[in-house]
Amino acid sequence: MNDVVVTGVGAVTPLGIGATTLHERWAAGICGIEDGEGRCREFVATEHLSVKDARRADRFTQLALVASIEALADAGWGDALPYDAGRIGSIIGTGIGGIGTIELNDRAMFDNGPKSVSPLAVPLMMGNAAAAAVSMRHGLRGPAFGTVSACSSGADAIGTAVRAIRHGDALAVVTGGAEAALTPLSRAAFGALDALSKIGISRPFDARRDGFVMGEGAGVLVLEDGEAARARGARILGVVRGYGATADAHHVTAPHPTGQGAAAAITRALEDAGAAPTEIVYVNAHGTSTPLNDRAETIALKTALGEHAKAIPVSSTKSAIGHLLGAGGAVEAIATILALRAGLIPPTLGWAERDPELDLDYVPDRARPLDLADGQRPIAISNSFGFGGHNAVLCLEAT
Amino acid sequence: MAEHSSEQIEKVITDSLVSFGANADDINREAELTALDIDSLDLAELSQIIEEQFGVELTSGDVAEIATVGDAIDLVAERTAGA
């Protein structure tokens with residue numbers, strides 16, 4: 001079975017435009033959250049897309065398109081695709097889809113009747129819109145669809161893309177996640193659920209954490225069959241070594257208190273990777289800053305990795321950009337690969353007060369050089385867990 | 001229903017096409033909609049705007065007959081005059 005390699009990455013996040021920007025600013029301790037939200041303030045769609053492409057896309061799709069353009073360029077895919085278009089897929093996850101479009105059209109219908117609903121409403125709001133737009137933009141004619149598993153959608157998209165390549169359905173897949181749910185309805189809805197931080201601060205694993213901070217953005221990776229990528233002389237950023245997905249079958253919003261489903265997903269990802277727990281040198285945590293997640297995730301890490309869990313750095317990208325929901329897993333996979341490549345683990349920003357139950361090394365204060373022993377390989381896991389009890393874990397190695 | 005001047009109709013249609021992403025400099029009566037990259041979804045939106053502005057309902061059959069910007073202006077002018 002061939003390996004699946006990462007040859008390009010692209011991201012639009014509250015820290016700015018670009019995957020490198022995400023890594024550099026997070027590692028520098030910069031937080032992209034303002035006024036209690038992680039908005040992509042630097043993102044203006046028409047600076048990157050034509051008027052036509054921009055208005056044919058909900059914001060979540062615009063973010064995915066711009067991240068995909070960066071990822072394909074980063075992969076060295078010039079004007080011509082490196083493989084037959086029918087062997088290149090587009091698999092992009094989202095937690096919610098075009099909720100901004102839904103809200104605008106619902107308001108129009110309420111105010112002015114059904115005839116005021118836009119003909120663009122359906123193509124903009126559908127959850128597969130980002131996958132479709134990325135396929136059309138780049139002429140990708142292989143498997144194209146969205147994945148939907150709330151906040152693990154992005155990680156599940158990548159895992160599904162890996163499977164598609166390993167199975168031979170595709171030689172390459174443009175994959176990731178996108179979300180743009182900073183809208184009145186979704187704010188109110190997450191607020192009603194009591195999931196959001198009342199103080200508007202994302203400080204995962206800290207004793208004072210009180211909920212997550214919503215964010216928006218997109219992360220897109222170009223994954224290729226390793227053999228095909230090497231044959232075309234591609235620069236290889238890393239390898240998706242393994243993927244594990246499980247469900248808690250416990251509660252629609254609360255994680256299982258012992259983190260058993262999450263631990264099982266980590267174990268499956270490691271088995272898929274053929275990696276021992278002791279080979280893991282970094283954990284990019286789901287780390288939402290909610291009381292329940294961070295506790296259950298800590299237990300899950302100790303269950304799956306054993307004593308080794310205490311010996312390795314664990315940090316949460318959400319401390320710098322908030323919770324990007326369905327985009328989170330993809331953006332965080334990119335952040336993980338870039339951290340491993342740079343040999344620099346960005347910190348869990350804002351972590352200062354230890355919760356007595358949470359006893360791992362959460363990389364407080366500042367970025368930390370990755371300390372690899374002789375011959376040790378830079379292998380990490382990136383966790384994503386979603387409402388509904390979804391657990392998706394990626395095992396990633398930098399090259 | 002009030003009759004609308006050809007200039008009014010032309011302005012609404014031109015502004016709509018520009019808002020859909022067509023280049024304003026390329027728009028004239030003879031311009032083919034396909035050359036302006038105006039497709040069926042744009043025409044569905046245009047129909048909605050025309051109905052809102054002029055009270056004229058265009059069916060998908062009507063819209064399918066439109067090839068140029070001039071066709072669109074003339075069709076709306078004819079319908080508003082006849083209404």
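## Close-up views of a predicted model

**View 1. Two helices of chain A cross each other.** In chain A, helix α7 (residues 153–167) packs with α13(A) at an angle of about 70°, and their axes are 5 Å apart. That makes α7(A) and α13(A) roughly perpendicular to each other, because angles of 65 to 115 degrees fall in that class. Keep in mind that this is a predicted model. On the α7(A) side, look for A:Ser153, A:Gly154, A:Ala155, A:Ala157 and A:Ile158, which meet A:Gly328, A:Gly329, A:Ala330, A:Val331 and A:Ala333 in α13(A). Sorted by class, this contact between α7(A) and α13(A) has six nonpolar, four polar and no charged residues.

**View 2. The whole of chain A, before zooming back in.** Count along chain A and you'll get 13 helices and 13 strands. The radius of gyration of chain A is 20 Å, close to the 21 Å that the globule rule gives for 399 residues, so chain A is as compact as a globular protein of that length. Its C-alpha trace spans about 60 × 50 × 40 Å along the principal axes of chain A. Of the 399 residues in chain A, 60% count as buried. Now take the contacts in chain A with a separation of 6 or more: 81% of them are between residues 24 or more positions apart.

**View 3. Where the two domains of chain A touch.** The domain assignment splits chain A into domain 1 (4–238) and domain 2 (243–398). The C-alpha centres of these two domains of chain A lie 21 Å apart. In this view, 64 residues of domain 1 of chain A are in contact with 63 residues of domain 2 of chain A. Which elements of domain 1 each supply at least two residues to the side that touches domain 2 of chain A? They are β1, α1, α7, β5 (172–179) and β6 (217–225) of chain A. Helix α7(A), back from the first view, gives the largest share of that domain 1 side, with eight residues. By class, the domain 1 side that touches domain 2 of chain A divides into 34 nonpolar, 22 polar and eight charged residues.

**View 4. Helix α1 of chain A and its packing partners.** This helix covers residues 19–27 of chain A, and its buried residues are A:Ala19, A:Leu22, A:His23, A:Arg25, A:Trp26 and A:Ala27. Here's a handy bit of background: an α-helix has 3.6 residues a turn, so residues three or four places apart point the same way. What do the buried residues of α1(A) pack against? Their partners in chain A are β1 (4–13), β2 (16–17), α3 (59–74), α12 (318–321), α13 (328–342) and β10 (344–345). Just after α1(A) comes A:Gly29, with a positive phi near 85°.

**View 5. Helix α6 of chain A, with plenty of alanine to spot.** In α6 (residues 129–138) of chain A, the buried residues are A:Ala129, A:Ala130, A:Ala131, A:Ala133, A:Val134 and A:Ser135. The buried residues of α6(A) pack against α3, β3 (88–93), α5 (121–125), β4 (144–145) and β5 of chain A. A glycine follows α6(A) too: A:Gly139 has a positive phi, near 70°.

**View 6. A serine in a loop of chain A.** Find A:Ser197 in the loop between α8 (184–192) and β6 of chain A. Is A:Ser197 buried or exposed? It has 22 C-beta neighbours inside 10 Å, and 20 or more is enough, so A:Ser197 counts as buried. Leaving out residues up to four places away in sequence, A:Ser197 touches A:Ser202, A:Asp210, A:Gly211, A:Phe212, A:Val213 and A:Ser289. For a sense of distance, A:Ser197 and A:Leu358 are 161 residues apart in sequence and 19 Å apart in space, C-alpha to C-alpha.

**View 7. Two residues with positive phi that aren't glycine.** A:Leu325 has a phi near 50°, a positive value in a residue other than glycine. You'll find A:Leu325 in the loop between α12 and α13 of chain A. With 31 C-beta neighbours inside 10 Å, A:Leu325 counts as buried. Over in chain B, B:Asp37 isn't a glycine either, yet its phi is positive, about 60°. B:Asp37 sits in the loop between α1 (6–19) and α2 (40–54) of chain B. Because B:Asp37 has 15 C-beta neighbours inside 10 Å, it counts as partly exposed.

Note on methods
Residues numbered from 1 in each chain as written. Chains lettered and ligands numbered in written order. Predicted model: local features only at pLDDT ≥ 70, side-chain atom pairs only at ≥ 80, totals over all residues. Helix = DSSP H or I, 4+ residues; strand = E, 2+ residues; numbered from the N terminus. Rg over C-alpha atoms; globule rule 2.2 N^0.38 Å. Buried ≥ 20, exposed ≤ 12 C-beta atoms within 10 Å, placed from the backbone. Contact = placed C-beta atoms within 7 Å. Axes fitted to C-alpha atoms, helices over the stretch in contact; angles between N-to-C directions. Parallel < 35°, antiparallel > 145°, perpendicular 65-115°, else oblique. Nonpolar A, V, L, I, M, F, W, Y, C, P; charged D, E, K, R; others polar. Domains from an automatic or database assignment.
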